[in-house]
Each structure stands twice: as structure tokens, then as C-alpha cells.
Amino acid sequence: RRARALLCCVLLWVWEDAWGQLRYSVPEEMPKGSFVGDVAKDLGLQVSAPRDLSIVDRGRTQHFSLHGKTGHLVTAERIDREQLCESEQQCVLRCELLVEGEMKVYGVEVEIRDINDNAPSFKDVELEERISETTPLGSRFPLAEAYDPDSGPNSLQSYELSGDEHFSLAVQAGPGGDRRPELVLAKALDREEAAFHELVLKARDGGKPSRTGKARIRVVVLDTNDNAPVFSPSEYTVRVPEDVPVGSALLSVMATDADEGLNGHVKYSLKKITEKASKIFELDSETGDITLARSLDFEEGKSYELEVQARDGGGLSDTAKIEITVTDVNDNRPELTVTSQLSEISEDSLQGTVVALLHVQDRDSGANGQVRCSLDAGVPFSLEKSFEDYYRVVTTRQLDREEVSEYNVTVRAADGGSPSLWSSTVLTLKVLDVNDNAPVFSEASYSARLPENNVAGALVLTVRARDADWGQNARVRYRLGEGRVRGVPLSS
């Protein structure tokens, strides 16, 4: 029933630019085989059968496929937008379509729209706040934020607090527009009257119907602690190359507390961190050192934002924002793929005939990801830019089988890194014969002497002609021309 409802709400829209680019839009979580678009119709192609279209396989997970009977673009799996586009507002998946016979590639973009399939959740559903009984009214205490991987209206929208008249809830807007809940002291505390206060914090999204998540907050009332830890600075930035060894210390944070004893002892914890970043970075709770727990990959993550909380023994805290930027290293070779190629070509093919279609890509960025392609010197072929990162290998002149009957052409792709990384592939092309050579006698003229009254069938002389072509085109037959000698037919 849910799948039918999703299919009913599919909104498809298509545009085509000068290159033949298509764009569709579908909701996430559609069942495998769900219709995405009639690509042949939308491109205005005249294809005789669905097999004339194919999706270019570049060795990665294919989220879409072509229906065997209709040729429609359909989903190849159930697509989870949050899994594919964790922190992106717009989730766009791409593939390329190859039209057989034309050696032409079309780009397809499919926007995956969010549905409200995730409820807000807290990292810890049992929270504890330690607050001094002398804390002034109106004091605020940052609470753990809920996380909702959905986007737009389906993401986290509001918080609610219930359970005790001593506290109210305030929600502040963070630098990135996120909502940050704070516990506000609304009534003076008295540890002798109540040493604990139990609260419930709810997080609600904007879906229809909305979803909620909750965490229980236990407030422990403490004796006086009049100084909170203070970070200096409150924001840290660091740039790290992606090849830094695992275990390396990236930076250290520090908060100072003017109190003494337990109230001045500061411990550090990660207050805000994504699940992905939590597997990469480690924080020492005593020293504030942040170290690398797993190797970085610029192609998987270019930057990470963390928030570190410093809390003293009396429950007061401060937070600092950390931004870690990963810089690219030239650690990926260009990927050179032969999308389509000819294995044979006639020697009378016209100049400019396409013999192969290639695709090149490099996962690095900047100069490290800029790829230059080249061919062997002295071959009658050249490279032409096709669509985006596609290149065509074309003939630069008419071929001659009698000169070269087979070519092994090396295509090389090198990036702009220092030192440069490269890869290559060999195209093998056999040249087919055309009957473009006439037989040639080994002598321009022949002469022979023989006595008269010879017996019929006696050998007069032998002639020989050769043909530079191959096969049937080189097979030579002989015959005498019609004529007379002194009135007698030559054939007599």
C-alpha cells in the first residue's frame, strides 16, 4: 500500500540542454523497478529496440537500470536519500546513457526527494545536568541536540520540555541556522528541598504526520560552583592533508576554570559530531587532544565540523567549535575506460571516422584531478573531445592496408599533479582490404623463340603477375587477348 502511495505522488520533470541532458525527480524509498522516466521519448530518439540503449558501466554502484521490454529508466534498488546524501540539501544521482550505433552519450540526473521516514533522535536518551543551587534565575544550560537526517520541512523543527516548574525551554539559532535547545532556570533551586529534578525533552519534525523523539533529563542540584570553564579561543580551525598517518595529533583544545578542586577540574567531550566523523576522530577527555583514528580520504569528506564541551566537576560547561579541513593529495590515478570501439575498419573509410569512444576521470581535485589525454606519435589517429569527460578517437587520413594491416594504438591519460600519475590502454584495430591495386606483371614485355611444327600443348613461355591486395582481391587470373596473326586467331 505504501509503495502504491509513493508511486501516486511521483513528480517527474525533465529538461534537455544542448548536450541532451535529462533531469528527473522521484521520492526516496521507492521499490526496486519503479518508473523514473521514458528516456528515449524525452530525448526524441528513434530506437528500434530497448537494447539500442544502455547505461554506461563505470565500475560503481548503479542505482538505475533500463527496463528490458520498455526501455524505461527504473530504479535498480530501493534508494535511501539519507544514506547517499548525508549532509546535502539536494540529492542528485547521475548516470550516462549510450546509444548504440551513434557512439553518443547522454547525461541523466535524478533528484531524490526526501520523505519523512526518520524521526528526530537523541544520541543519548538519558541525559544528566548538574546545576548549582546558587545558580541565578534565567541561567541557561545547553542541551544535547536531536538529529534528524531528513531535509526541509521533514527535518527537526521544534523542541518541547515538560516535567518541572523550576525549568523552561529556550531554543537558540546556531550559526548554521540549526536549533539549539537550552534549559532555562525559571525558579530558584534548593538542594535540601529537592536534590533531583526529572524532565522530558521532546524533539518534533515538520512532516505530516510529524514524528517525535524524546530524551529524559535528570537535573542534579549541587552546591556552589561559581566559575564555568572558558575556551580560548572559542573556535578552532585546522587544515590536514589527507595522507596524514593514523594516530597523529591534529590539534588540542583547552578550557580554563578559575575554581579549585573538583569544581575546577575540566573534562572534555564531543557534544556535536556526525556518525561518520565519530569513526575518524578521537578526543582525549583529560588533555583535549584530538587525534586521527582512521585514515582520511579527501574524496569522501572535504571538511568536518565538531563541537567540544568542557565541563567542570560542578556541572558548568562551555563549548568550542572546531572546523577540520582536509586538503587533497594526488593519490588517485586517472581512470581510462573504453566505452565503445571498432575492432576492424575498411582501408577506404573516410578521414574523421570514429574508431573508439573513451571516458576519463580522476577522483582528485584541482590540478590533481585535471586529466590530459594523448596518443602514440606517428599514428593516423587523433583525439576529439566529445561529451564532458568523453573523447573520440578518429582517423586523420585514409588508411592503406598494404602499408599497415593492423594498429595497436596506446592512449595515455595523465593528471596535473606533481609528480603526475597516469594510466593507459591499448586499442587494437585491424585494417580490412579493399581492391585498390591492379595486378602488375613482373616484366613489361616477354619474348620467346620456338621451332616451327611444334606439337600442340608445348610450352612457349611463362608469365607472372602479382597483386598487392589480400585474399580474393589478390587472386590473379590470366587470359589471352583476342587478336589475329596473319589472319589466324591468336587462340589457335
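Here is a walk through this structure, from its domains to one interface and then to two individual residues. Keep in mind that the model is predicted.

Start with the overall layout. The chain splits into domain 1 (21–113), domain 2 (121–222), domain 3 (230–327), domain 4 (335–432) and domain 5 (436–491). For a feel of the distances involved, take proline 31 and valine 488: they sit 457 residues apart along the chain, and their C-alpha atoms are 92 Å from each other.

Now look at how domain 1 meets domain 4. Going by C-alpha atoms, the centres of these two domains are 27 Å apart. In the contact itself, domain 1 puts in 10 residues and domain 4 puts in 12. People often express the size of an interface as the accessible area that is lost when the parts come together. Here, domain 1 and domain 4 bury about 990 Å² between them, and carbon and sulfur atoms account for 59% of that. On the domain 1 side, 58% of the area buried against domain 4 comes from Arg58, Met103 and Val105, more than any other three residues provide.

What about specific interactions across this interface? The rule turns up 0 salt bridges between domain 1 and domain 4, and 1 residue pair in polar contact, with both residues at pLDDT 80 or more. As for secondary structure, strand S6 (91–99) and strand S7 (104–113) are the elements that give two or more residues to the domain 1 side. S7 has the largest share there, with 3 residues. By residue type, the side of domain 1 that touches domain 4 has 5 nonpolar, 2 polar and 3 charged residues.

Next, zoom in on histidine 63, which you'll find in the loop between strand S3 (53–55) and strand S4 (64–66). Is histidine 63 buried or exposed? Its relative accessibility is 14%, so histidine 63 counts as buried, because the cut-off for buried is under 20%. Its side chain makes a polar contact of 2.6 Å with the side chain of glutamate 77. Leaving aside residues up to four places away in sequence, histidine 63 touches Val74, Thr75, Ala76, Glu77, Ile79, Leu84 and Leu93. Glutamate 77 therefore turns up both as the polar partner and in that contact list.

Finally, go back to proline 31. This residue is in another loop, the one between strand S1 (22–27) and strand S2 (35–37). Proline 31 has a relative accessible area of 18%, so it is classed as buried too.

How values were computed
Residues are numbered from 1 along each chain as its sequence is written. This is a predicted model: local features need pLDDT of at least 70, side-chain atom pairs count only at pLDDT 80 or more; totals for chains, interfaces and linings use all residues. Side-chain values use heavy atoms; hydrogens and water are left out. Domain bounds come from an automatic or database domain assignment. Contact means heavy atoms within 4.5 Å. Buried area is the accessible area (1.4 Å probe) that two parts lose on being put together, summed over both. A salt bridge is a side-chain nitrogen of Lys or Arg within 4 Å of a carboxyl oxygen of Asp or Glu. A polar contact is a pair of N or O atoms within 3.5 Å; within protein, one must be able to donate a hydrogen and the other to accept it, and residues adjacent in sequence count only if both atoms are side-chain atoms. Helices (H or I, at least four residues) and strands (E, at least two) are DSSP runs, numbered from the N terminus. Ala, Val, Leu, Ile, Met, Phe, Trp, Tyr, Cys and Pro count as nonpolar, Asp, Glu, Lys and Arg as charged, and the others, Gly among them, as polar. Buried means under 20% relative accessible area, exposed over 50%, partly exposed in between (1.4 Å probe, protein chains only).
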